[in-house]
Amino acid sequence: MDVVDLPLPGGCLCGAIRYRLNAAPLLVYACHCHDCQTRSGSAFALTVVVRTADLEIAGEPEVARMTSPSGRELDHSFCPECRVRVLVRAVAAPDYASLRAGTFDDASWAVPIAQLYVESAIPWAIIPGADAVAAENLDFYALGEAWRASAPRFQAR
Ligand SMILES: [Zn+2]
Ligand SMILES: [Zn+2]
C-alpha cells in the first residue's frame, strides 16, 4: 500500500459516534499491557496516535477518566449506546488523541512500528518487526518520526 486516501473515516459499532481523520496519523504502536488485553478482550491493543485538531467527531461520546499502567491520567471517550471506546486523550497532552486501529473503517495501513509491555504479551502475539520498547523509555516524537518514514503516503482525495 503506497498511498492512502484522506480523510480516514471510522467510528463505533452502532454508528452513533463517527469520526473523520483529516490528516496523516502520527504513529501506530501495539500495547501488550494487561489493561489493553482486558479492554480489547484480545492479545493486544493497536493504537493510532493523531493530532486532536485533525479529528472531526460526529455524536456525543461519554468521557471517563482513568489512570494508565504507566501512571498517566487518561480521558477515555465511549459511545453511550454500544460502549465501544473510540478515543483516548492524555489529560497532560490534549493536543494528541489515540484511536484504536480497529475503529477505522479500513485499517489496512495500520502497521505498528513498536510494541509496549512485551513482558506481559501472550507469547505467540509478539509482533515480528515491531521494536519492543519499555513504556518508561517511550519517546513518542522519535517513534512517530520513524513510523512516518516507513508509513504509506496519506493524501487528500
Ligand atoms: Zn456506538
Ligand atoms: Zn496498554
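Helices (H or I, at least four residues) and strands (E, at least two) are DSSP runs, numbered from the N terminus. This is a predicted model, where local features need pLDDT of at least 70 and side-chain atom pairs count only at pLDDT 80 or more, while totals for chains, interfaces and linings use all residues. Residues are numbered from 1 along each chain as its sequence is written, chains are lettered from A and ligands numbered from 1 in the order in which they are written, and side-chain values use heavy atoms, with hydrogens and water left out.

**View 1. The whole chain, with its two helices and 13 strands.** The radius of gyration (taken over C-alpha atoms) comes out at 15 Å, close to the 15 Å that the globule rule gives for 157 residues, so the chain is as compact as a globular protein of that length. That rule is 2.2 Å times the number of residues to the power 0.38. Along the principal axes, the C-alpha trace spans about 35 × 35 × 30 Å. Buried residues (under 20% relative accessible area, against over 50% for exposed and partly exposed in between; 1.4 Å probe, protein chains only) make up 42% of the 157. Take the contacts (heavy atoms within 4.5 Å) between residues at least 6 apart in sequence: 59% of them join residues at least 24 apart. About 8400 Å² of the chain is exposed, and carbon and sulfur atoms supply 52% of that, by the Shrake-Rupley method with a 1.4 Å probe; for residues, only the protein chains shown count as cover.

**View 2. An open sheet of three strands, in the order 2-3-6.** The pairing here is antiparallel; two strands count as paired if DSSP finds at least two bridges between them. Strand 2 (8-11) and strand 6 (55-58) sit at the edges, each pairing on one side only. From one strand to the next the twist averages 20°, using axes that are lines fitted to C-alpha atoms (for helices, over the stretch in contact) and angles that run from 0 to 180 degrees between N-to-C directions. Four bridges hold strand 2 against strand 3 (residues 18-21), and one place to look is Gly11, whose bridge partner in strand 3 is Arg18.

**View 3. Leu55, a buried residue of strand 6.** The relative accessible area of Leu55 is 13%. Tyr19 is 36 residues away from Leu55 in sequence, yet the two are 6.8 Å apart, C-alpha to C-alpha. Setting aside neighbours within four places in sequence, Leu55 touches Tyr19, Arg20, Leu21, Val50, Leu87, Ala97 and Leu99.

**View 4. Strand 4 (residues 27-31), with neighbours in strand 5 and strand 11.** Five of the five residues of strand 4 are buried, so the rest of the structure largely encloses it. In a regular strand the side chains alternate between the two faces of the sheet. Here, Leu27, Tyr29 and Cys31 point one way, and Val28 and Ala30 the other. Strand 5 (residues 45-51) runs antiparallel to strand 4 and is joined to it by five bridges; in this pair, Ala30 stands opposite Leu46. Strand 11 (residues 114-116) runs parallel to strand 4, with three bridges, and there Cys31 has Leu116 as its bridge partner.

**View 5. The zinc ion (ligand 2) and its cysteines.** The SG atoms of Cys31, Cys33 and Cys36 coordinate the zinc ion at 2.2 to 2.3 Å. Donors are N, O and S atoms within 2.8 Å of the metal (3.2 Å for Na, K and Ca); water is not among the atoms, so sites may look incomplete. The spacing of the donor residues in sequence is C-x1-C-x2-C. Both Cys31 and Cys33 are buried.
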